[in-house]
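Me: Please explain the terms that describe this model, setting each value against its definition.

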Amino acid sequence: AVLLTGEALLPSSTVGWLVLLALALVPQFLGCFFFTYALRHAPAGVVAVTRVASAVVSAILGWVIFSETLNWIQICGGVLLCVGLVVAQLKKAEWMSSCDCRHGCCVRIQPLKKTKVVSANPDAV
């Protein structure tokens, strides 16, 4: 499209480059930081569901706040994502309700305990 319109592909000023750099680095850094933080402080299943649902929430917020238009493919994709999340949660609830922990199908993950590292070599520091 740039070749057809004749517009510049890259910024021509220092301010343009700084804006482009900020748009590339800040969202990437913040996204990775908060995703890692969430994985450390919340169950992975919750983080995964939130990550998938964020696309739908972003589209809805863009429509409400900025009057962005959504085409039928985007709407169908959002509905499909929501249906997938609901089905996954229902299957998880069904599995958990049918599980009898006496048979060992329930897995409980205990947090890691800090242990002291002991060297086999007494001269090692």
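Reply: Helices are DSSP runs of H or I with at least four residues, strands are runs of E with at least two, and both are numbered from the N terminus. The model is predicted, so local features need pLDDT of at least 70 and side-chain atom pairs count only at pLDDT 80 or more, whereas totals for chains, interfaces and linings use all residues. Residues are numbered from 1 along each chain as its sequence is written, and side-chain values use heavy atoms, with hydrogens and water left out.

Me: What makes up the fold, in helices and strands?
Reply: The protein has four helices and zero strands, in the order α-α-α-α from the N terminus.

Me: Why is I75 called partly exposed or buried?
Reply: Buried means under 20% relative accessible area, exposed over 50%, and partly exposed in between (1.4 Å probe, protein chains only). I75, in helix α4, has a relative accessible area of 44% and is therefore partly exposed.

Me: Which helices each supply at least two residues of the nonpolar patch?
Reply: They are α3 (44–66) and α4 (72–98); α3 gives the most, with seven residues. Patch residues have over 30% relative accessible area and no salt bridge; nonpolar side chains (Val, Leu, Ile, Met, Phe, Trp, Tyr) are joined within 5 Å, like charges within 9 Å. A salt bridge is a side-chain nitrogen of Lys or Arg within 4 Å of a carboxyl oxygen of Asp or Glu.

Me: Why does S67 count as exposed or buried?
Reply: S67 has 59% relative accessibility and so counts as exposed. S67 is in the loop between α3 and α4, and its phi is near 55°, a positive value in a residue other than glycine. Most residues other than glycine have a negative phi.
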